[in-house]
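Let us take a walk through this structure together. Have a look at it first, and then read on.

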Amino acid sequence: MNKKPFVIFGLVLALLLIVVPFWVFKRDGDPSQVRMKVPTSLEHGQELFQTNCGNCHTLYAAGTSGDFGPNLDQVLAPGGTPEGADAQSAIDASRTKVMSALENGYDTPDVQGRMPAGIVTGTVAEEIAEFVAQTAGRG
């Protein structure tokens with residue numbers, strides 16, 4: 001009896017049962033594989049967002065899918081595709097909203113203290129706000 005078909009079947013089975021799932025789980029768990037490539041000037045803000053905000057907020061550019069807070073790609077998405085001065089004013093408005101939420105917290109009518117004030121402050125808050133303003137809704 002020829003053993004070649006059994007060897008080939010065994011190799012294919014090993015590939016399907018061991019190698020493919022390992023590759024899929026490894027890739028799925030690596031944030032650098034799912035986050036958006038951003039300009040170098042925003043990379044530190046991206047890391048800070050992932051660390052400080054990603055558990056709660058979804059943001060494609062950071063590769064996060066938070067469980068509690070709003071999806072920032074939807075909440076802060078610019079209307080249409082603004083260009084020039086309109087684009088800069090949309091970014092400035094987003095930055096202001098994010099800084100306000102970071103400094104003052106954010107309440108909703110149904111839940112008080114939903115986002116507490118002062119989770120991050122100073123330059124960390126500024127870098128996060130800049131990253132979010134530049135990337136939200138643009139992925």
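Here is a short tour of an aromatic pair, a helix and a surface patch.

This is a predicted model, in which local features need pLDDT of at least 70 and side-chain atom pairs count only at pLDDT 80 or more, while totals for chains, interfaces and linings use all residues. Residues are numbered from 1 along each chain as its sequence is written, and side-chain values use heavy atoms, with hydrogens and water left out.

Let us begin with the rings. The structure holds 1 aromatic pair (ring centres of Phe, Tyr or the six-membered ring of Trp within 6.5 Å; planes under 30 degrees apart are stacked, over 60 edge-to-face, the rest tilted). Its members are Phe49 and Phe131, with 6.0 Å centre to centre and 50 degrees between the planes, a tilted arrangement. The pair links distant parts of the chain, as Phe49 sits in helix α3 (residues 40–52) and Phe131 in helix α6 (residues 122–135), 82 residues apart. Helices here are DSSP runs of H or I with at least four residues, numbered from the N terminus.

Are these two rings buried or exposed? Phe49 counts as buried because its relative accessibility is 1%, and Phe131 is buried too, at 0% (buried means under 20% relative accessible area, exposed over 50%, partly exposed in between, with a 1.4 Å probe and protein chains only).

Phe131 has company in α6, whose buried residues also include Ile128 and Val132. After α6 comes Gly137, with a positive phi near 75 degrees.

Finally, turn to helix α1 (residues 4–28), where Ile8 is placed. Ile8 is partly exposed, with a relative accessible area of 46%.

Key. Helices (H or I, at least four residues) and strands (E, at least two) are DSSP runs, numbered from the N terminus.
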